[in-house]
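This report describes the model shown below. The surroundings of the ligand are treated before the two sheets and the backbone geometry.

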Amino acid sequence: MNPLKPGSTIGILGGGQLGRMLSLAAAQLGFDVAIYTDEPDSPASRVSARTRVGNYLDEAALADFARHVDVVTTEFENVPAETAQALIAAGARVAPNPHALAVAQDRFDEKSYFTSAGIATPPFRAIGSQEDLDAAIAEIGAPAILKTRRFGYDGRGQIRIASAGDARGAYEKLGAPGILEGFCVFEREVSIIAARGWDGAIAFYDLNENEHAGGILSRTTLPARVGADVERAAQDAAKRVMEAFDYVGVLTIEFFVMPDGSLVANEMAPRVHNSGHWTIEGALTSQFEQHIRAVAGWPLGSTKRLAGVEMVNLIGEDAEAWPALAADADARLHLYGKRDTRAGRKMGHVTKLRF
Ligand code: AMP
């Protein structure tokens with residue numbers, strides 16, 4: 001693809017904080033951003049040139065959006081794959097492609113895909129009934145985690161099953177088609193952020209070490225406490241996934257590092273990722289600029305890390321500490337402009353660099 005000229009318009013599906021940070025990065029390169037979201041007054045729309053508020057399945061509105069943008073990308077993975085297909089049918093260029101979006105939206109398809117690509121996962125089974133669950137527990141054993149196949153994020157839609165007795169009634173409680181995963185007693189969690197351009201060029205950021213609390217990312221630090229072989233294995237997995245999908249843009253894969261040093265893939269996100277927020281200050285090219293460069297057909301930027309990094313999420317009322325954080329000369333404060341504070345909601349983050 002020929003590089004988009006500055007002044008071109010990049011369409012983003014979704015209006016959350018990832019869209020907001022993508023939009024700011026796009027503006028730095030001279031692009032306009034048009035947001036398509038079903039949420040009026042979104043964090044992204046308040047920093048973007050234009051917003052269209054519409055339903056993700058409104059084909060007429062999507063066709064009109066397609067006519068006014070030069071490329072379309074997404075900022076959250078639960079945009080229906082049909083939305084991307086409708087945009088392509090209307091003549092838009094869409095990256096990443098609908099196939100990658102569709103696979104990443106379904107935890108069972110995603111893990112099946114990892115398996116077919118030779119990437120290890122926890123043991124897993126598709127669960128469509130209580131009988132399936134009982135049979136899967138008998139095979140995989142407990143402890144295990146029952147998750148919804150779709151629309152789960154930040155630990156939502158998950159039931160921990162400590163012993164076979166906990167499985168009783170669990171399918172009804174889940175209330176949707178699920179996946180049972182064996183519980184991994186991991187040493188640590190890491191994620192890789194990679195980017196691929198239209199020309200097939202690939203770039204990797206250093207591995208992120210992640211801590212979760214209540215299923216939500218709380219802290220990312222770099223360098224991750226893993227050896228070069230673990231880093232290479234993560235890069236190899238990301239490369240295989242991106243090439244198999246003919247992927248364009250930033251992609252994230254989250255892994256468990258097992259006590260023997262092997263990697264087990266937990267999930268992938270076809271987008272920029274919370275564990276990569278440190279790249280705004282800590283890398284020569286942020287993940288947001290990298291994604292914009294990739295989808296716009298520009299050369300990928302350098303992923304060089306500039307320092308040791310700690311990124312802490314501000315969840316719910318954590319963000320009320322903003323006066324103290326603003327007064328901390330070492331803290332780079334990011335607030336997402338969300339109107340309502342709710343428990344478990346990502347309101348901002350703070351990055352500190354260690355030189
Ligand atoms: P997820 O929403 O699937 O990313 O899960 C959120 C967090 O729950 C993960 O980052 C892990 O800390 C934990 N978790 C999820 N699946 C497993 C598993 N199969 N074994 C152990 N911990 C898990």
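Of the 18 residues around the ligand, which come nearest? They are Lys147, Gln158, Cys184, Glu189 and Glu267. The model is a predicted one, and the values below are computed from it.

## Ligand surroundings

The shell around the ligand comprises six nonpolar, six polar and six charged residues. At least two residues of this shell come from each of strand 6, strand 7, strand 8 and strand 14 (263-269). Polar side-chain atoms of Glu181, His212 and Asn266 are listed below with their distances to ligand atoms.

| Residue | Ligand atom | Distance |
|---|---|---|
| Glu181 | nitrogen | 3.1 Å |
| His212 | oxygen | 3.4 Å |
| Asn266 | oxygen | 3.0 Å |

For Asn266, the side-chain atom in question is an N or O atom. The ligand taken alone exposes 480 Å², and the protein buries 95% of that area.

## The antiparallel sheet

Three of the strands that supply the ligand shell, namely strand 6, strand 7 and strand 8, also belong to an open sheet of four strands. The strand order in this sheet is 5-8-6-7, and the pairing is antiparallel. Strand 5 (124-127) and strand 7 (158-161) form the edges, each pairing on one side only. On average, and with direction ignored, neighbouring strands of this sheet are turned by 20° against each other.

Within the sheet, strand 6 (residues 144-148) and strand 8 (residues 178-182) are paired over five antiparallel bridges. One of the residues involved is Thr148, whose bridge partner in strand 8 is Gly178.

Two helices accompany this sheet. Helix 6 (residues 130-140) packs on the sheet and touches strand 5, strand 6, strand 7 and strand 8. The direction of helix 6 makes about 170° with that of strand 5. Helix 5 (residues 107-116) lies across strand 5, strand 6, strand 7 and strand 8 and runs at about 150° to strand 5.

## The parallel sheet

Another open sheet has four strands in the order 3-2-1-4, with parallel pairing. Its edge strands are strand 3 and strand 4 (71-74), each of which pairs on one side only. Here neighbouring strands are turned by 25° against each other on average, direction ignored.

Strand 2 and strand 3 are paired in the parallel sense over four bridges. In one of these strands, strand 3, Arg52 is the bridge partner of Tyr36. Helix 1 (residues 17-28) lies across strand 1 (9-13), strand 2 and strand 4, and runs at about 175° to strand 1.

## Backbone geometry in loops

Which residues does a cis peptide bond join in the loop regions? One such bond joins Ala142 and Pro143, with omega of about 0°. Pro143 lies in the loop between helix 6 and strand 6, and thus between two elements already described: helix 6 packs on the antiparallel sheet, and strand 6 pairs with strand 8.

A cis peptide bond also joins Leu222 and Pro223, where omega is likewise about 0°. Pro223 is found in the loop between strand 12 (216-222) and helix 8 (228-245).

Asp41 has a positive phi of about 60° although it is not a glycine. Asp41 is placed in the loop between strand 2 (32-37) and strand 3 (50-53), the two strands that pair over four bridges in the parallel sense.

Methods
Residues are numbered from 1 along each chain as its sequence is written. This is a predicted model: local features need pLDDT of at least 70, side-chain atom pairs count only at pLDDT 80 or more; totals for chains, interfaces and linings use all residues. Side-chain values use heavy atoms; hydrogens and water are left out. Two strands pair if DSSP finds at least two bridges between them. Axes are lines fitted to C-alpha atoms, for helices over the stretch in contact, and angles run from 0 to 180 degrees between N-to-C directions. Contact means heavy atoms within 4.5 Å. A residue is near a molecule or strand if one of its heavy atoms lies within 4 Å of it. A polar contact is a pair of N or O atoms within 3.5 Å; within protein, one must be able to donate a hydrogen and the other to accept it, and residues adjacent in sequence count only if both atoms are side-chain atoms. Accessible areas come from the Shrake-Rupley method with a 1.4 Å probe; for residues, only the protein chains shown count as cover. Ala, Val, Leu, Ile, Met, Phe, Trp, Tyr, Cys and Pro count as nonpolar, Asp, Glu, Lys and Arg as charged, and the others, Gly among them, as polar.
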